[in-house]
Each structure stands twice: as C-alpha cells, then as structure tokens.
Protein chains: 4
Amino acid sequence: MPDIPPEESMPSIVALTSCALQQGVAAEISQFVYRRGGKIVDYEQYVNTNEGRFFSRVEWLPADPDSTPEATRADFVRELAEPYHMEWQLHFQDRETRIAIFVTREMAHFHDLLVRTLSGQWNAQVVLMVSNHSDLATEAGRFGIPYHHFPVDKSNREEQEARQVDLLQQNQVDLVVLARYMQIVTPVLIAPFANRIINIHHSMLPAFVGARPYHQAYARGVKLIGATSHYVTEDLDAGPIIAQDVAHVDHRKEPERMVTIGRDLEIQVLARAVGLHVNHRVWIDRARTIVFD
Amino acid sequence: MPDIPPEESMPSIVALTSCALQQGVAAEISQFVYRRGGKIVDYEQYVNTNEGRFFSRVEWLPADPDSTPEATRADFVRELAEPYHMEWQLHFQDRETRIAIFVTREMAHFHDLLVRTLSGQWNAQVVLMVSNHSDLATEAGRFGIPYHHFPVDKSNREEQEARQVDLLQQNQVDLVVLARYMQIVTPVLIAPFANRIINIHHSMLPAFVGARPYHQAYARGVKLIGATSHYVTEDLDAGPIIAQDVAHVDHRKEPERMVTIGRDLEIQVLARAVGLHVNHRVWIDRARTIVFD
Amino acid sequence: MPDIPPEESMPSIVALTSCALQQGVAAEISQFVYRRGGKIVDYEQYVNTNEGRFFSRVEWLPADPDSTPEATRADFVRELAEPYHMEWQLHFQDRETRIAIFVTREMAHFHDLLVRTLSGQWNAQVVLMVSNHSDLATEAGRFGIPYHHFPVDKSNREEQEARQVDLLQQNQVDLVVLARYMQIVTPVLIAPFANRIINIHHSMLPAFVGARPYHQAYARGVKLIGATSHYVTEDLDAGPIIAQDVAHVDHRKEPERMVTIGRDLEIQVLARAVGLHVNHRVWIDRARTIVFD
Amino acid sequence: MPDIPPEESMPSIVALTSCALQQGVAAEISQFVYRRGGKIVDYEQYVNTNEGRFFSRVEWLPADPDSTPEATRADFVRELAEPYHMEWQLHFQDRETRIAIFVTREMAHFHDLLVRTLSGQWNAQVVLMVSNHSDLATEAGRFGIPYHHFPVDKSNREEQEARQVDLLQQNQVDLVVLARYMQIVTPVLIAPFANRIINIHHSMLPAFVGARPYHQAYARGVKLIGATSHYVTEDLDAGPIIAQDVAHVDHRKEPERMVTIGRDLEIQVLARAVGLHVNHRVWIDRARTIVFD
C-alpha cells in the first residue's frame with residue numbers, strides 16, 4: 001500500500017454547474033448540501049461578469065452514505081437545476097472513471113497513465129486498450145489489461161470506429177484517452193463520446209506545418225517546445241484546451257533530443273489533463289474550458 | 001498616450017472581505033451592489049472549507065459616480081460588515097495608491113516600478129523616495145520625484161525611522177516598497193505600516209546562510225535561483241509571501257552572472273507583488289496571503 | 001553609482017567564429033590570445049557534429065590595452081580567419097553598442113531598454129528614437145534622447161525608410177530595436193541592417209491568424225501565452241529566434257489582462273534578446289541562432 | 001517495439017575528462033578519436049577560465065566495433081590521460097547501466113524509472129529493488145524485478161547496509177537510486193558507491209525545518225514548491241545537485257494537494273537526474289556538477 005493517500009478517494013459527490021448569474025444561486029447550492037447534513041470539502045466558482053454567467057464546482061461528503069445516486073440526482077434536478085435553468089453534472093466519487101487508452105506503438109504515455117491508476121493516485125481504472133497495431137499487446141498483458149487490435153486504414157475507418165464504439169459502450173467506458181494514437185478519428189467515434197475524448201499533441205512556436213516538426217523547429221532555432229492536451233472535436237486539434245506547457249531547448253538539442261524532450265513533456269501535460277478530468281475539475285464552455293484547479 | 005489602456009483604471013470600487021462561512025453571504029455581497037444599480041466587473045471568492053472561512057474580492061462600477069466613499073463605506077458597514085462579522089477593506093479605484101520607494105544605491109528596481117506608474121499601467125503614483133545614501137538623488141530628480149536622504153546606522157536607526165514615518169504620513173503614503181533597501185527595519189516603521197510594506201529578496205534552494213549567497217550557490221552547483229516578495233513583519237523575511245519565481249541556471253553561470261540574473265528576477269517578482277497590491281488583489285490571512293489573481 | 005557592477009564592462013575583446021571542423025582550431029584560437037599575453041575570461045564553443053561545423057565565442061582581456069582594434073583585427077584575419085576559412089566577428093567591449101529604438105505609442109518596452117542602458121547593466125547606449133507618431137517625444141526628452149518623427153503610410157514607406165537609414169548611419173547605429181513598432185519594414189531598411197534589427201511579438205499556441213489574437217486565445221481557452229524575439233528578415237516574423245518564453249494563464253484572465261501579461265512577457269523576452277546581442281552572445285547560422293549564454 | 005528510437009542506443013563511447021587548461025588538449029582529444037577512424041557524434045566542453053580548468057564530454061562511434069574496451073581504455077590512458085594529467089571516465093554505451101532502486105512504500109517513483117528502462121528510452125536496466133518494507137514486493141514481481149527486503153532500524157543499520165553492499169556488488173550494480181527511500185544511509189553504503197547514489201527530496205522556499213513541510217509551506221502561503229535531485233554524500237542532503245525544478249501553487253492548494261503536486265515534480269526531477277547520469281552527462285567537480293546537457 002502506498003503511504004500517500006489517494007488524491008481524492010473519499011466517497012464524495014461533485015456537482016459542476018453553469019447558469020445565468022442570479023441572486024442567491026451560490027447560496028442555494030450550499031443550502032442543497034447543508035439541508036441534507038453534508039459537509040462541503042471544496043467550493044470553487046467562476047463568475048464571467050462580462051457575460052453574466054455563473055460556474056461552480058462543489059464537492060461534498062454526504063451525511064447519509066446510503067442515499068442513492070438516483071435519489072440525489074432527482075433532488076438536484078428538482079431543487080437546483082430546474083429552478084435555476086442550470087447546465088450541470090453530478091459525479092459520485094465512489095464510482096471509478098473507466099478509461100480506455102488508444103495507442104499506436106509508443107508505450108511511455110500508456111505506462112504513465114496506467115501507473116497513476118494502479119498506484120491509487122486517481123480514482124480511475126484503465127479497462128481496455130485499443131490499437132491499430134498489435135505491438136503493445138504483450139505490454140498490456142503484463143498488467144492484465146484487455147488489448148483490442150483494430151487495424152484501421154482509409155477504407156475501413158468508420159466501420160472500425162463503429163465497432164470500437166460498441167466495445168467502449170459494452171465496457172461502460174467514461175473516458176477515451178488518445179495516447180499518441182496516430183490515426184484520424186471521425187464523428188462516428190467522437191459523437192457518442194463528445195467531451196470525453198482527450199488528445200495530446202506537441203505545439204510549436206511558431207506552428208510548423210508539414211512533416212517532421214521537430215526538424216523544422218531545430219532549423220528555425222526555436223527556444224521552446226510545447227505540448228497541448230485538449231478534448232477532441234470534429235475540427236481537428238481545435239477542441240477545448242485542458243492543459244499546456246513548454247520545455248526550454250537551445251541550439252545544442254538535435255532534433256532527436258527534442259523528440260525525447262517533447263515526449264516527456266507530452267506525458268506530463270497529458271497526465272495533468274486526464275487528472276483534471278477524472279477529478280471532475282473541467283467544465284467545457286463552448287470552445288474553452290473552465291478548470292477548477 | 002499609450003495605446004494599451006491602463007490595467008484597471010475605471011472608477012470602480014473593490015471590496016475585500018473575510019468572514020465565517022455563512023448562508024447567503026456571497027448573495028448578500030452581490031445584492032449590496034445590485035441594490036445600488038452597480039455593475040459587478042470582477043468577482044472572485046475562496047472558501048477554506050477546512051476552517052469554514054469565506055474570502056472574496058468584488059469589483060464593481062457604481063451607478064452613481066457621485067456617491068461619496070464615505071456614504072458607501074457607511075452603507076457597507078451597516079448592511080454587510082456588521083451583520084456578517086466581516087473583516088473588510090473598501091478601495092475606491094479613482095484614488096491612486098501613493099507609493100514611497102526605499103532604495104540604497106541600486107536603481108534598476110526603482111526604475112521599473114516608476115515606469116509602471118508613469119505609463120499608466122498601475123493606478124498608482126510614486127510620491128517620494130527614501131534612501132540611506134544620496135547616490136540616486138539625481139536619478140529621482142530626472143522624474144521629479146522628491147528624494148529624502150536619511151543616513152542610518154545602528155545608533156540612529158529608530159530615530160530616523162520615526163522621522164521617516166512622519167514624512168510618509170504627511171505625504172499620505174499608502175504603500176512602502178523596499179526596492180533593495182539594504183537596511184534592517186524596526187517596529188518603529190513597521191507598526192504604523194503593517195501589511196503595507198513590501199520587500200523583495202533572493203531565495204535559494206537550498207537556503208544559504210551567511211555572506212555571498214550567489215557564490216555559495218555557484219559552489220554548490222544549484223540549477224535554480226529564486227526571488228520572493230513578501231509583506232514585512234517584525235520577524236525578518238518571514239512575512240506573508242505575495243509572489244515568488246525562479247530562473248534556471250547552470251554551471252556556466254559564474255556568480256557575477258547569477259547576480260545579474262537574480263536581479264532581473266527580483267525586479268519581475270517585485271513588480272508582480274506590487275501590481276497585485278495596488279490592484280487590491282491581496283488579502284492577508286495570518287501568515288499567508290490569499291491572492292485573487 | 002549602482003552597487004552591482006555592470007554585467008560585462010571590462011575592456012575585453014570578443015571573437016565569434018564559425019568554420020568547418022578542423023584539427024586544432026580551438027587550440028589556435030586560444031594560442032592567438034596567449035601569444036599576445038591575453039587572459040581568456042570566457043570560452044564557449046559548439047560543435048555541430050552532424051554537419052562538421054565549429055562555432056565559438058572567446059572573450060579575453062588583452063595584455064596591452066593600447067593595441068588598436070585595427071591591429072588586432074588585421075592579426076586575427078591573417079592568423080586565424082584566413083587559414084581556417086572562418087566566418088568571424090570581433091567586438092571591442094570598450095566600444096558601446098549604439099542602439100536606435102523604433103516605437104509607436106507604447107512606452108513600457110522603450111523604458112525598460114533605456115533603464116538597462118542608463119543603469120550600466122549593458123555596455124550600450126540608446127542614441128535615438130524613431131516613431132511614426134509624435135506621442136512619445138516628451139518621454140524621450142525626459143531622458144535627453146533625440147526623437148525623430150517619421151510619419152509612415154503605404155504611399156511613403158520606402159521613402160521614409162531610406163531617410164531612416166541615413167539617420168541611422170549618420171549616428172553610427174549598431175542595433176535597431178523594434179519595440180512594438182507597429183509598422184511593416186521593407187528591404188530598404190532591412191538590407192543595410194541585416195542581422196542587426198531585433199523585433200518582439202507575441203506567440204500563441206496554437207497560432208491565431210487575424211485580428212485580436214488575445215481575444216481569440218481567450219475564446220479558445222489557452223493556458224499559455226508566449227513571446228518571441230527574433231532578428232528581422234524579409235520574410236515577416238520568420239527570422240532567426242533569439243529568445244522565447246511563456247506565461248501561464250487560466251480562464252479567469254479576461255483578454256485585457258492577457259494583454260497586460262503578454263506585454264510584461266514581451267518586455268522580458270525583448271530585454272533578454274537585446275542583452276544577448278549587446279554582449280555579443282548570438283551567432284546567426286542560416287535561419288537559426290547559436291546562443292552562447 | 002516503440003516507434004521512437006531509444007535516446008542514445010548506438011554502441012558509442014563517451015569520454016568525460018577534466019584537466020588543467022592546456023594548449024591543444026581539445027585537439028588531442030579529437031585526434032584520439034580520428035586516429036582510430038571514429039566519428040564524433042557529440043562534443044561539449046566547459047572551460048572554467050577563473051580556475052584554468054578544462055572539462056569535456058566527447059561521444060563517438062568507433063570505426064572498429066570489435067575493438068575491446070580494455071584496449072581502448074589502455075590507449076586512452078597512454079595517449080591522453082597520462083600526458084595531460086586528466087581525471088577521466090570512459091563509458092561504453094553497449095553496456096547497460098545496472099540500476100538498483102531503493103524504495104519504502106511509495107511506488108510512483110519506482111514505476112516511472114522502470115518504465116523508462118523498459119521502453120528503451122534509457123540504455124539501462126533495473127536489476128533489483130531494495131526496501132525496508134515488504135509492501136512493494138508484488139509490484140516488483142509484476143515486472144520480474146528481484147525484491148530484497150532489509151528491515152532497517154537504528155540498531156542494525158550499518159550491518160544491513162553491509163549486506164546491501166554485498167548484494168549490489170554481486171549484481172554489478174552501477175547506480176543506486178533512492179526513490180523515496182525513507183531511511184538515513186551511512187558511509188557503509190555511501191563509500192563504495194561514491195558519486196553513484198542519487199537521491200530526490202522536496203525543496204521549499206524558504207526552507208522549512210521540522211515535520212510536515214507541506215503544511216508549513218501552506219501556512220506560510222508559499223507560491224512555489226520545489227524538488228532537488230543530488231548525489232548522496234555523507235553530509236546529508238548537501239551532495240552535488242544534478243537537477244532541480246519548481247511547480248507553482250496558490251492559496252487554494254491544500255497541503256494534501258501540495259503533496260501530490262510535489263510528488264509529481266519529484267518524479268520528473270528524479271527522472272531528469274537519472275537520465276543525465278545514465279547518459280554519462282554529469283561530471284562531479286567538488287561540491288558541484290558540470291552537466292553536459
């Protein structure tokens with residue numbers, strides 16, 4: 001057993017809400033918890049004063065651990081969501097987030113995510129892997145993770161994605177992580193998992209179009225390389241950004257070392273993004289995220 | 001005229017509050033603004049759920065620009081501060097923060113702060129300079145800033161500080177910035193300006209005791225040098241921290257270059273701290289700050 | 001007088017060289033100094049092993065401070081540059097870099113650069129300012145810097161640049177800094193100052209095309225904003241990069257605050273780039289820089 | 001197979017050298033390679049001009065892959081090390097660095113290191129684990145890593161360390177990594193593995209003495225938490241620093257979240273330090289490191 005407790009393992013409830021800014025809405029959210037004897041353990045809100053919009057994340061320990069999610073959800077709708085015309089999510093933290101990881105041949109990203117679930121850092125479980133190659137099957141087996149090989153090319157992409165959707169739904173997958181999955185994904189996969197697919201990619205300043213971006217970055221003498229993790233939307237690489245970071249480089253870093261540095265950075269940024277998601281700290285507001293960190 | 005508008009120049013009002021977490025306190029703060037037809041332009045709060053404590057910063061544009069600060073203040077006390085047992089501050093942004101800069105012989109920190117007031121970035125004015133040396137008098141004169149020379153040594157420290165306090169009070173100084181003022185300050189100066197004196201110092205990992213910290217850092221091969229800006233309390237260098245940052249160095253940086261890098265970093269961190277203070281974004285909660293950034 | 005010594009003020013000589021990798025070239029460079037009794041105070045080199053290319057920066061204190069630059073230069077050519085087919089620069093540090101700052105209406109960048117020259121941090125002097133507006137003339141006058149107003153529009157751009165080149169050459173300007181100079185510059189200005197014009201611009205991840213990039217970045221929810229300083233070439237914003245950095249932002253930073261944060265970042269990055277240039281730490285190798293930092 | 005090649009997998013040779021600054025030493029090092037038909041793939045040097053000291057790292061591909069390390073070593077001594085009075089190391093990259101990881105109960109650090117060896121990122125292998133607890137035995141078994149349980153307390157520390165040294169030597173261990181090994185180590189272990197034991201610890205600004213540093217940091221309102229990785233010397237936590245970094249925090253991060261953030265940071269910094277060591281990029285110069293990165 002690790003000697004550091006899991007980040008957020010208590011059987012708490014998280015409510016994410018968004019509504020027009022109204023008198024007393026924050027008070028009503030707290031009241032909802034207090035009326036049931038709950039204890040708020042984390043409260044954060046964001047008010048967009050320009051647009052008159054209220055966003056909040058409230059996490060609480062319920063007094064009655066036996067109250068069912070269904071009952072709480074029904075109460076929440078009746079007492080808060082409907083009267084205040086909220087968009088909302090309720091997450092019951094005793095339920096693990098079920099993750100599917102899509103990979104190609106690179107295993108470092110997958111390993112990092114897996115270790116974070118195994119070590120109990122996240123209240124999450126990797127339930128299956130999907131790949132268009134068979135290379136990582138053995139590695140998945142080492143951890144007892146079912147590995148599904150879907151060879152994909154232009155001719156069968158949508159058909160294979162339909163089969164992937166079936167698989168994900170049968171396994172009650174909550175979150176798909178594209179961990180260097182070197183394939184385009186189409187609306188067949190995206191639509192049923194809207195706001196539940198996270199991708200990672202490198203980001204250059206300036207942006208380099210075309211092949212071998214690290215070689216281009218080297219030739220231009222960039223001093224930073226970056227990584228961006230975002231939700232996948234139909235507009236490629238333009239979904240809401242969850243996390244970004246950069247690493248400093250100089251002229252001595254050959255393209256091969258930039259690739260290594262970039263990979264480490266991608267792993268860190270992807271882990272940050274997935275961690276924020278599984279802890280229910282991200283709200284999507286049109287093309288942007290509100291991150292209650 | 002600069003083509004970028006001042007950061008926060010509108011004649012807005014900022015209320016900083018702290019109180020026990022109570023039903024409806026956030027709603028009541030908003031109501032206080034709305035009842036007067038005001039428009040909230042920035043609302044941030046922090047709830048310390050462990051301690052049951054509520055903190056907020058609200059900034060609004062009053063409907064009636066002619067309402068006096070005195071009237072607003074009286075209303076605020078009656079309608080909010082007293083009923084909710086708040087600690088509070090009210091700041092009227094049409095009033096500039098009046099800054100005194102204490103220096104020794106180094107002018108880069110002073111220049112940076114001065115430029116930020118002159119360029120209109122901050123709603124603040126440098127009204128005087130104090131030094132234990134006369135070296136920077138000419139430089140102050142270039143900008144028309146009154147320069148006060150107070151030679152200080154062990155024998156006359158408290159006496160001179162008493163005179164400094166008189167000077168500061170006569171000039172209605174709101175904030176004292178120790179911009180590399182290489183003198184110990186005593187409670188004679190600190191007490192009347194509690195939570196209104198900001199200092200900057202370098203910070204090393206690990207901390208090096210004794211003389212020439214950059215030479216020690218070099219000999220130990222540190223990879224980071226840091227700077228910390230904090231409010232001055234009687235416990236030297238242990239006051240609430242407002243801002244911190246680090247710069248990366250390597251073995252090639254001789255102590256002299258570390259000093260230069262450290263100085264630039266100090267200037268940035270000090271500017272961040274002073275900017276947060278003059279924009280009324282800092283609340284002091286015992287030994288720590290709540291920064292509404 | 002500041003109590004921190006100037007960064008690099010001694011009457012040293014800096015040689016920057018680049019040549020094909022050859023036996024003994026580094027030894028010969030050192031020998032050149034030692035034969036004359038000089039003391040090397042800084043030696044850095046970079047070997048691009050893929051391309052078989054050698055780059056170095058050597059800084060030394062000459063034994064005979066009265067030897068003329070002309071004599072040293074002639075010796076350098078005969079003993080090193082010609083035998084080794086070097087590209088090279090020789091800089092005599094007792095000669096200040098003469099800087100012209102081009103501005104529009106924003107004064108923060110200009111002030112920062114000016115303070116660094118006035119405080120003696122750099123061995124450099126701002127000898128004149130150029131603007132297409134008259135707004136900052138008073139501010140320049142405060143520091144006694146000649147201010148030249150060249151109204152520029154599409155119809156007269158090249159004609160005005162020709163006059164600017166005359167002015168710069170008459171004033172023996174070594175370096176032109178575009179400190180938020182909101183004008184396109186053409187080969188008329190660029191050609192005679194090749195590799196001697198430094199620009200600063202913001203950099204976004206991803207890059208946003210079109211107007212109001214900070215508003216676009218806000219709408220997309222970016223978590224980083226960046227700045228890039230580079231030499232100006234005819235290919236707009238594609239010149240060799242000298243320095244880059246980023247600042248972290250979150251959803252709470254409205255576009256106006258992003259602009260402020262971006263401006264501060266630009267000032268830092270521009271100062272880093274100009275400091276590297278005036279200390280002769282940058283070598284341009286095709287589209288990239290070798291920074292001997 | 002991963003689709004990204006290992007960082008530095010070719011059967012190259014790395015020479016690290018340090019000697020008094022002398023004419024032609026760099027040329028002689030290159031000549032040593034060229035005389036044998038080798039190809040230099042990376043050359044870096046550092047000249048400490050104050051102390052007249054030369055340091056270099058040269059990596060080359062030998063022309064004759066069948067030349068034995070013993071022969072190369074003998075030639076190196078005769079042609080370079082003796083004539084130039086060098087301190088030196090020669091590393092043959094076809095030989096993997098054999099790592100022992102010492103742990104207590106926390107598995108995230110161990111996992112991260114293991115993944116980097118398994119994925120081929122490093123030319124290194126984890127050959128055994130040592131712990132004063134049995135908790136992680138199962139986890140080690142999952143990867144087939146031998147796990148050695150040495151219960152340690154004050155009474156038997158040196159005796160157990162003597163047995164650990166036997167174990168490490170029998171297994172030809174090159175590098176010991178203390179991956180949150182919560183035990184003091186004594187000269188019994190340190191002496192035979194001088195400069196070959198790497199530790200990681202958190203670093204605070206300011207430094208906090210005593211228990212629960214994250215709680216102290218929270219109470220003081222620090223804005224940064226740091227991590228330092230260093231070689232272990234008899235002077236606890238004062239060995240040469242290899243890598244350091246910081247993460248930004250604010251008042252909203254409760255001590256528990258600071259712990260999580262600090263752990264992730266430690267893992268990154270430890271990986272950077274171990275990576276530099278296994279790629280033979282670190283030279284220890286008294287209390288500091290020269291990092292050829």
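Me: Before we start, what counts as a polar contact here?
Reply: A polar contact is a pair of N or O atoms within 3.5 Å, and within protein one of them must be able to donate a hydrogen and the other to accept it. One thing to keep in mind is that this is a predicted model.

Me: OK, so how many residue pairs are in polar contact between chain C and chain A?
Reply: The rule finds 24 residue pairs in polar contact across that interface, with both residues at pLDDT 80 or more.

Me: And how many salt bridges between those chains?
Reply: For chain C and chain A the count is zero salt bridges.

Me: Which bits of chain C are doing the touching?
Reply: The elements of chain C that give two or more residues to the side touching chain A are β2 (39-48), β9 (197-204), α7 (213-220), β11 (241-248) and β13 (288-291). The largest share comes from β11(C), with seven residues.

Me: What kinds of residues are on that side of chain C?
Reply: They split into 17 nonpolar, nine polar and seven charged.

Me: How many residues touch on each side, and how much area gets buried?
Reply: 33 residues of chain C are in contact with 33 residues of chain A. Together the two chains bury about 2,900 Å², with 52% of that on carbon and sulfur atoms.

Me: Which three residues of chain C supply the most of its buried area?
Reply: That would be C:L205, C:R220 and C:H251, which supply 25% of the area that chain C buries against chain A, more than any other three residues.

Me: Switching topic: how is chain A divided up?
Reply: Chain A has domain 1 (7-92) and domain 2 (97-291). The C-alpha centres of these two domains of chain A lie 30 Å apart.

Me: How much do those domains bury between them?
Reply: Domain 1 and domain 2 of chain A bury about 1,300 Å² between them, 47% of it on carbon and sulfur atoms. In residues, 17 from domain 1 of chain A are in contact with 13 from domain 2 of chain A.

Me: How many salt bridges there?
Reply: The rule finds three salt bridges across the interface of domain 1 and domain 2 of chain A. The same domain interface has five residue pairs in polar contact, both at pLDDT 80 or more.

Me: And which strands of domain 1 are involved?
Reply: On the side of domain 1 of chain A that touches domain 2, the elements giving two or more residues are β1 (13-20), β2 (39-48), β3 (53-61) and β4 (87-92) of chain A. The residues on that side divide into five nonpolar, five polar and seven charged.

Definitions and conventions
Residues are numbered from 1 along each chain as its sequence is written. Chains are lettered from A and ligands numbered from 1 in the order in which they are written. This is a predicted model: local features need pLDDT of at least 70, side-chain atom pairs count only at pLDDT 80 or more; totals for chains, interfaces and linings use all residues. Side-chain values use heavy atoms; hydrogens and water are left out. Contact means heavy atoms within 4.5 Å. Buried area is the accessible area (1.4 Å probe) that two parts lose on being put together, summed over both. A salt bridge is a side-chain nitrogen of Lys or Arg within 4 Å of a carboxyl oxygen of Asp or Glu. A polar contact is a pair of N or O atoms within 3.5 Å; within protein, one must be able to donate a hydrogen and the other to accept it, and residues adjacent in sequence count only if both atoms are side-chain atoms. Helices (H or I, at least four residues) and strands (E, at least two) are DSSP runs, numbered from the N terminus. Ala, Val, Leu, Ile, Met, Phe, Trp, Tyr, Cys and Pro count as nonpolar, Asp, Glu, Lys and Arg as charged, and the others, Gly among them, as polar. Domain bounds come from an automatic or database domain assignment.
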